[in-house]
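Biologist: I am new to this structure and would like to learn how to read the packing of its helices and the layout of its sheet. Could we go through them slowly, with the picture in front of us?

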Amino acid sequence: MSYALHCKAETAPIIGIAINAIGSFSTGGKELTENKFLKLFEDLKKEGAISKDSILKPRIFGPHEALAVADEFAASCVDGILLINSAFPNGHVFPTIAMHPGLSRTPMIVSAEYEPDLGDNEWTTNAWCGVTMNNHVAKRLGRYIRPLAGMMDSAEYKDELKMLANCIHAISFLRRDFLGRFGDAPGGFHSATMDQMAFLRTFGTKVEMVDLIGLMTTYNTGRASGYVGESTFTDADVEATLQEMKSGRPCLVTDDELRKGAKFYHAMKAQIEANGFTSIAVKCWPELCAPDINIAACFPMTWLLTKGIVTAAGCESDCPITVMQTLGTLLSGKPSSCLDFVNYPGRCGCMELGHCGVGIAGQMGDGEAIAYKSPDRQGKELRAPALIGQFEYGRKTGITVTQDNLGKIKVLCFTGENTPQSAMGKLYSGSDLVMGKYAELSDLIMEHGFPHHLAVAANDISREVSDVCAFLGVECHTIES
């Protein structure tokens, strides 16, 4: 696993938590909420949902205490902020933290319990009224917050907070994402060419181009140099990878063809390690299909995803969809794929989603095999190696992204399920999804100009995608099925 991915993608988010209340209202009510959250805080750290370096500041009152807390959060580089009103808060605390120059883009949650009943018919904490007050200020300041209500000792509250912590972790990683682009997009693939400044400003992704000549030089020499240093591989490394690739799955291609794929995997891996890339997009044709090279990049890309070397490997050098793959990988905990909308989606309840042969080894339904792919889609000029078949059956989330004619970024997110019955049997790596609102999905694709590529993630992560987009100020269209 690469250094960058190992250190970032698997690290729980550091959350800065501050409790806020004025002196009025029930002391017992405040302590009830605060004690419940203290236990939850320890549980979340033990479970790895949040970092052990997360900070919990006991009840504060006014702006000067809030400024000291905000300074500490900023110095600690917290990934997210949770402000808990254990009773009605001081009205200066929220804006002091929210508008701190070191925290102005840090995702922020503002939370309170429902009004507790202590059996005395008193006005107990008025805590959620404080959240409403904070939200008014947030709207006026243009500072997005995620409100969170619930009883802090309930499973529902814990699950929601864990989900939001996962979203915060994804945002934190995206802001460190360094995407290695191996070649530009093929001609005419307009949606694959990223508006780098818009994506840098919104998601944080940085893009570095490595042309295919440089990649093939690494393939031939076994050596790459980059920002991090130098990375090398040997023929013995290639042979060991070839045997590992073949282990546990049928191999329908020759050893010579698979060996070229294993060597191409090591060439990309060396470039990734030498430059510290966390994700990649690859111009997988037409140059690589030329007779003097004749390598399908599919299975080498598969192997990078399978081994956790990168969070995403985008086909046809599609950088925007690669960012969506990374988002899907981080939120689902499993590698996401880059697929096409194969057929007209408004025709029936089965969404045909597929691409040439970048499956995920170990995560395919009904077995898996290393096989050939046909670039012309008619069985001629077969290329190898590729991984053909349906992704493992179950719930899936499709995610795609576009920009309108004014440059505004929009995300489309939908859910469905691929099953043995829904599989179309096409010779591609696919997730043929059963979903209900297919006509609505088709209309949204056409209305907003979403591209022919999309990322497909394991499980239903539609709520997480929506929350990430809300934190980042991105327009998100979600269809749940």
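Modeller: Let us begin with a helix contact, bearing in mind that this is a predicted model. Leu258, Gly261, Phe264, Tyr265, Met268, Lys269 and Ile272 in H10 meet Phe299, Pro300, Met301, Trp303 and Leu304 in H11, and by class this contact of H10 with H11 has 10 nonpolar, one polar and one charged residues.

Biologist: At roughly what angle do the axes of helix H10 and helix H11 cross?

Modeller: Two packed helices are described by the angle between their axes and by the distance between those axes. Here the axes of H10 (residues 255-275) and H11 (residues 298-306) cross at roughly 50 degrees and come within 8 Å. H10 and H11 are therefore oblique to each other, and H10 passes H11 in a right-handed crossing.

Biologist: Turning to the sheet, in what order do the five strands lie?

Modeller: The order is E2-E1-E3-E4-E5, in an open sheet with parallel pairing. Strand E2 (55-60) and strand E5 (146-149) stand at the edges, and because each has a single partner strand, one side of each is left without a neighbour in the sheet. From one strand to the next, the twist averages 20 degrees.

Biologist: How many bridges join strand E3 and strand E4?

Modeller: Strand E3 (residues 80-85) and strand E4 (residues 108-112) pair in the parallel sense over four bridges, and Ile84 stands opposite Ser111 in E4.

Biologist: Which strands does helix H3 lie across?

Modeller: Helix H3 (residues 63-75) lies across strand E1 (15-20), E2 and E3, and runs at about 175 degrees to E2.

Notes
Residues are numbered from 1 along each chain as its sequence is written. This is a predicted model: local features need pLDDT of at least 70, side-chain atom pairs count only at pLDDT 80 or more; totals for chains, interfaces and linings use all residues. Side-chain values use heavy atoms; hydrogens and water are left out. Two strands pair if DSSP finds at least two bridges between them. Helices (H or I, at least four residues) and strands (E, at least two) are DSSP runs, numbered from the N terminus. Axes are lines fitted to C-alpha atoms, for helices over the stretch in contact, and angles run from 0 to 180 degrees between N-to-C directions. Contact means heavy atoms within 4.5 Å. Angles under 35 degrees count as roughly parallel, over 145 as roughly antiparallel, 65 to 115 as roughly perpendicular and the rest as oblique. A crossing is left-handed if the near helix is turned anticlockwise from the far one by less than a right angle, and right-handed if clockwise. Ala, Val, Leu, Ile, Met, Phe, Trp, Tyr, Cys and Pro count as nonpolar, Asp, Glu, Lys and Arg as charged, and the others, Gly among them, as polar.
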